[in-house]
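Biologist: Before we discuss any details, please put the model on the screen, and let us then go through it question by question.

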Amino acid sequence: MTTDDVLAGVGPRLRRIRKEREVTLAGLSEATGISVSTLSRLESGLRKPSLELLLPIAQAHQVPLDELVGAPPVSDPRVRAKPIVRHGRTYLPLTRQPGGLQAYKIVVPQQQADPSPRTHEGYEWLYVMSGKLRVVLGDHDVVLVAGEAAEFDTRVPHWFGSTGEGPVEFLSLFGPQGERMHVRARPKQA
């Protein structure tokens with residue numbers, strides 16, 4: 001749809017909205033301060049609509065400007081990503097574009113696992129939605145519960161998973177560096 005097509009539809013839309021509200025051109029003129037002749041030319045398509053004219057009309061009719069210009073409907077906002085299952089964990093991508101900040105909802109089933117810390121470039125943020133999340137970060141071994149968050153530099157050896165007491169659901173946010181392959185952290189030499 002071209003700009004000319006959109007503009008051509010404004011006049012009939014203005015007339016329809018005004019008539020639905022049972023407002024005369026004179027009444028709309030009084031409410032907006034726009035002359036009757038200008039309003040009539042707008043509705044008949046003899047005058048191109050401008051923001052200076054449409055804003056007061058939208059206010060007078062108490063409708064969003066989008067309704068006057070016939071903006072296309074907003075697309076469906078739901079994220080319909082396909083889950084990815086790896087090593088028993090379910091990853092639900094919450095972002096669609098590659099690169100930049102990535103967000104995932106991660107579900108880890110009830111399991112007792114030995115931590116295997118890894119490192120990669122980037123920075124990560126975790127938020128526990130339900131269950132208990134065990135986080136091993138460097139020398140720290142902590143348990144986060146629903147409503148708690150953690151953030152860390154992913155160059156520090158880290159691991160997270162279920163405490164073994166039940167499943168855990170959490171959100172994970174990280175930048176493009178976090179997409180690189182995980183590398184096993186080398187143990188410190190004694």
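Biologist: Which residue just after helix 3 takes a positive phi, and of about how many degrees?

Modeller: Bear in mind that this is a predicted model. Helix 3 spans residues 36–44, and just after that helix the backbone takes a positive phi of about 85° at G45.

Biologist: Why do the buried residues of helix 3 lie on the same side of it?

Modeller: The buried residues of this helix are T38, L39, L42 and E43. An α-helix has 3.6 residues a turn, so residues three or four places apart point the same way. In helix 3 the buried residues are placed on the same side because around the axis they cover an arc of only 135°.

Biologist: Which helices are included in what covers the buried residues of helix 3?

Modeller: The residues to be covered are T38, L39, L42 and E43. What covers them includes helix 1 (3–20), helix 2 (25–32) and helix 4 (51–61).

Biologist: Does T38 count as buried or exposed, and with which residue does its side chain make a polar contact of 2.8 Å?

Modeller: T38 has a relative accessibility of 10%, which is under the 20% cut-off, and therefore counts as buried. Leaving aside neighbours within four places in sequence, T38 is in contact with R47 and L53. The polar contact of 2.8 Å joins the side chain of T38 to that of S35.

Biologist: Which residues make up the covered face of strand 10?

Modeller: In a regular strand the side chains alternate between the two faces of the sheet. In strand 10, residues 168–174, the uncovered face consists of E169, L171 and L173, while the covered face consists of V168, F170, S172 and F174.

Biologist: In what sense do strand 3 and strand 5 run against strand 10, and which residue stands opposite S172?

Modeller: Strand 3 (residues 102–108) pairs with strand 10 over 7 bridges in the antiparallel sense, with V168 as the bridge partner of V108. Strand 5 (residues 123–130) also runs antiparallel to strand 10, joined to it by 6 bridges, and the residue opposite S172 is L126.

Biologist: Which element of the protein chain has the lowest mean pLDDT?

Modeller: The mean pLDDT of the protein chain is 84, and 85% of its residues reach 70 or more. Over residues 178–184 the pLDDT is below 50, although this stretch has 15 contacts in the model beyond near neighbours in sequence. Where pLDDT is low, the predicted coordinates should not be read in detail. Among the elements, strand 7 (residues 140–145) has the highest mean, 96, and the lowest, 46, belongs to strand 11 (residues 183–184).

Methods
Residues are numbered from 1 along each chain as its sequence is written. This is a predicted model: local features need pLDDT of at least 70, side-chain atom pairs count only at pLDDT 80 or more; totals for chains, interfaces and linings use all residues. Side-chain values use heavy atoms; hydrogens and water are left out. Buried means under 20% relative accessible area, exposed over 50%, partly exposed in between (1.4 Å probe, protein chains only). Helices (H or I, at least four residues) and strands (E, at least two) are DSSP runs, numbered from the N terminus. The arc is that of the directions from the helix axis to the C-beta atoms. Contact means heavy atoms within 4.5 Å. pLDDT is the predictor's confidence in each residue, from 0 to 100. A polar contact is a pair of N or O atoms within 3.5 Å; within protein, one must be able to donate a hydrogen and the other to accept it, and residues adjacent in sequence count only if both atoms are side-chain atoms. Two strands pair if DSSP finds at least two bridges between them.
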